[in-house]
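Hello, and thanks for taking a look with me. Below are some numbered points to read beside the structure.

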Amino acid sequence: QVQLVESGGGLVQAGGSLRLSCAASGSILSINAMGWYRQAPGKERELVATIPTGGTTNYADSVKGRFTISRDNAKSTVYLQMNSLKPEDTAIYYCYLWARPHDGLTQNYWGQGTQVTVSS
């Protein structure tokens with residue numbers, strides 16, 4: 001069974017910074033990509049950033065230049081450094097994993113979500 005454990009959310013003032021972490025564990029054969037999505041109240045879940053294995057990172061236009069995604073492959077952990085935070089960044093942030101488990105087909109996995117609140 002594959003699990004994702006997120007940490008690092010919280011309350012911060014506009015202009016501040018937060019760093020999210022997400023560690024994947026369990027029966028993972030290979031990882032295709034990891035990333036972050038977010039969902040604000042009353043809105044659909046949207047992509048924030050992804051980092052494929054051996055590929056280039058991808059960011060939503062709204063976070064380019066402010067957020068940086070990175071991975072520690074040895075720890076199967078993905079990070080999201082968020083700088084210059086704005087009130088509109090307030091949302092639940094979900095870790096995303098696209099991976100193949102030892103006993104199944106490649107599929108998507110989601111973390112439980114971590115709340116990020118940016119006050120003005």
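Are Asp89 and Arg66 buried or exposed? Please keep that in mind while we start with the salt bridges; one thing to know beforehand is that this is a predicted model.

1. **The pair in the question.** Asp89 is buried, and Arg66 is buried too. Their side chains meet in a salt bridge, with 2.7 Å from N to O. This pair links distant parts of the chain, 23 residues apart. Asp89 sits in the loop between strand E8 (77-82) and E9, while Arg66 sits in the loop between strand E6 (58-59) and strand E7 (67-72).

2. **A network of charges.** Arg38 and Glu46 also form a salt bridge through their side chains, at 2.7 Å from N to O. The two partners differ in their surroundings: Arg38 counts as buried because its relative accessibility is 6%, under the 20% limit, whereas Glu46 is partly exposed at 37%. Salt bridges that share partners join Arg38, Glu46, Arg66 and Asp89 into one network.

3. **Another salt bridge, and the total.** Lys64 and Asp61 bring their side chains together in a salt bridge of 3.1 Å, N to O. Asp61 is exposed, with a relative accessible area of 64%. A search of the whole structure gives four salt bridges.

4. **The disulfide.** How many disulfides does the structure hold? There is one, and it joins Cys22 to Cys95 with 2.0 Å from S to S. The link between Cys22 and Cys95 is left-handed, with -85° about the S-S bond. Here again distant parts of the chain are linked: Cys22 belongs to strand E3 (residues 18-26) and Cys95 to strand E9 (residues 91-101), 73 residues apart. Both cysteines, Cys22 and Cys95, are buried.

5. **The nonpolar core.** In soluble globular proteins, nonpolar side chains tend to be buried together. In this model, the largest nonpolar core has 32 residues. Which residues have the most contacts inside it? They are Trp36, Leu80, Met82, Tyr93 and Leu97. At least two residues of this core come from each of strand E1 (2-7), E3, strand E4 (28-39), strand E5 (46-52), E7, E8, E9 and E11. E9 gives the most, with five residues.

6. **Tyr93 and its contacts.** Tyr93 is worth selecting in your viewer. Not counting residues up to four places away in sequence, Tyr93 touches a list of residues that includes Trp36, Leu80 and Met82, which are also named among the core residues with the most contacts. Arg38, a member of the salt-bridge network, is another residue that Tyr93 touches. Gly113 and Thr114 are on the list as well, and they are the subject of the next two points.

7. **Thr114.** Thr114 lies in strand E11 (residues 114-119). Why does Thr114 count as buried? Its relative accessible area is 12%, and buried means under 20%. The side chain of Thr114 reaches the backbone nitrogen of Gly9 at 3.4 Å. Leaving out residues up to four places away in sequence, Thr114 touches Glu6, Gly9, Leu20, Ala91, Ile92 and Tyr93.

8. **Gly113.** Gly113 is placed in the loop between strand E10 (107-110) and E11. Gly113 is buried, with a relative accessible area of 17%. Apart from neighbours within four places in sequence, Gly113 is in contact with Glu6, Ile92, Tyr93 and Tyr94. The C-alpha atoms of Gly113 and Val5 are separated by 8.8 Å, although these residues are 108 places apart along the chain.

9. **Aromatic rings.** The structure holds three aromatic pairs. One of them is Tyr37 with Trp110: the ring centres are 5.1 Å apart and the planes are at 75°, so this pair is edge-to-face. Tyr37 is in strand E4 and Trp110 in strand E10, so the pair ties together parts 73 residues apart in sequence. Trp110 counts as partly exposed, at 38% relative accessibility. Tyr96 and Trp110 form a tilted pair, 5.3 Å centre to centre with 50° between the planes. Since Tyr96 lies in strand E9 and Trp110 in strand E10, this pair ties together parts 14 residues apart in sequence. Tyr96 counts as buried, at 11% relative accessibility. Tyr37, Tyr96 and Trp110 form one aromatic cluster.

Note on methods: Residues numbered from 1 in each chain as written. Predicted model: local features only at pLDDT ≥ 70, side-chain atom pairs only at ≥ 80, totals over all residues. Heavy atoms only, no water. Disulfide = S-S within 2.5 Å. Helix = DSSP H or I, 4+ residues; strand = E, 2+ residues; numbered from the N terminus. Buried < 20%, exposed > 50% of the residue type's maximum accessible area, 1.4 Å probe, protein only. Polar contact = N/O pair within 3.5 Å; in protein donor to acceptor, adjacent residues only side chain to side chain. Contact = heavy atoms within 4.5 Å. Core = buried A, V, L, I, M, F, W, Y, C linked by side-chain atoms within 4.5 Å. Phe/Tyr/Trp six-rings, centres within 6.5 Å; stacked < 30°, edge-to-face > 60°.
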